[in-house]
Amino acid sequence: PLSTLVMGPLAGLPPLTAKHLWILANLVFLIPLCWLLRSITGLPYRRIALLFALSFPLHRNLLYGQFYVLLLLLIVAACWASLRGRNGLAGAFLAVATVCKIFPVLLFVLFLRRRNWTALLSGAITGLVALGVSIAVFGWSLHRTYLHQVLPWTFRGETLPPYDVASASISSVLHALFLTEPQWNPHPWHSSPLLYALLQPTLQMLILAPAVLLIRKSICTPERLLLEWSALLTAS
């Protein structure tokens, strides 16, 4: 629920005006994002700019007024801080990213596997503060609904239309293959809720487990750290 506060300052404006201002804000977010990516990777600005210019997800983000640019900025800032030994700051950035979109919580596995207790403690404190602010603003009833209804849907991959394979998710493909739904999917390849229940967590773990298990506490070179962050983010 706290993620809705990102749009709070724009909520009272006419929709088109709000969208224009949010697009401008996203373009501003690209400036520190470019600097952080150059600082982390050493790539020249022209290559980073070319990457942004050819990014279809960035185009969709601007078209639909999403906040993935801000989310990416927070994750990259956490990675940048971690590479420079600013572990408390890294944990705080990652916690803020998590309250905006649930999946960055998986990146805390990096800190857990590397026994980075400072980052974990900072993330936990920042997350609790964010949760306290959210409850103070929206009340407990809304959060109870989120925990009991919305979050389980999210974990099952059903926050978007679950039979839309264009979303290119494991969940949507398995829905289309194995789950019967009279209007959306009347003729699946093989109707079997059991296969769906077994394959969904298995396939997810086959993608996520290597990224987690290959984290090595004993290797702390910048190249290794960047590889681990990139692998776990992609798997997430």
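## A guided tour, from a buried pair outwards

Begin by selecting Arg114 and Glu228, both of which are buried, a word used here for residues under 20% relative accessible area, with exposed meaning over 50% and partly exposed in between (1.4 Å probe, protein chains only). The model is a predicted one, in which local features need pLDDT of at least 70 and side-chain atom pairs count only at pLDDT 80 or more, while totals for chains, interfaces and linings use all residues. Residues are numbered from 1 along each chain as its sequence is written, and side-chain values use heavy atoms, with hydrogens and water left out.

Keep the pair selected and show the side chains: Arg114 and Glu228 form a salt bridge at 2.9 Å, N to O, the term standing for a side-chain nitrogen of Lys or Arg within 4 Å of a carboxyl oxygen of Asp or Glu. Because Arg114 sits in the loop between helix 6 and helix 7 and Glu228 in helix 11, the pair ties together parts that are 114 residues apart in sequence; helices here are DSSP runs (H or I, at least four residues), numbered from the N terminus.

Next add Arg224, whose side chain meets that of Glu228 in a salt bridge of 3.0 Å, N to O. Arg224 and Glu228 are both in helix 11, 4 residues apart, or about one turn of the helix. Arg224 is partly exposed, with a relative accessible area of 21%, whereas Glu228 counts as buried at 4%. Through shared partners, the salt bridges join Arg114, Arg224 and Glu228 into one network, and the count of salt bridges comes to 2.

Now turn to the largest nonpolar core, a set of buried Ala, Val, Leu, Ile, Met, Phe, Trp, Tyr and Cys residues joined through side-chain atoms within 4.5 Å. Of its 42 residues, those touching the most other members are Leu33, Phe52, Leu94, Leu107, Phe111, Trp229 and Leu232. Helix 4 gives the largest share of this core, 12 residues.

Finally, move to the surface and select Leu5, Leu121, Ile125, Val129, Val133 and Val137, which make a nonpolar patch of about 510 Å². Such a patch is built from residues with over 30% relative accessible area and no salt bridge, its nonpolar side chains (Val, Leu, Ile, Met, Phe, Trp, Tyr) being joined within 5 Å, as like charges are within 9 Å. Val137, in helix 7 (residues 117-138), is partly exposed, with a relative accessible area of 47%.

Terms used: Areas by Shrake-Rupley, 256 points an atom, 1.4 Å probe, with all protein chains shown as cover. Helix = DSSP H or I, 4+ residues; strand = E, 2+ residues; numbered from the N terminus.
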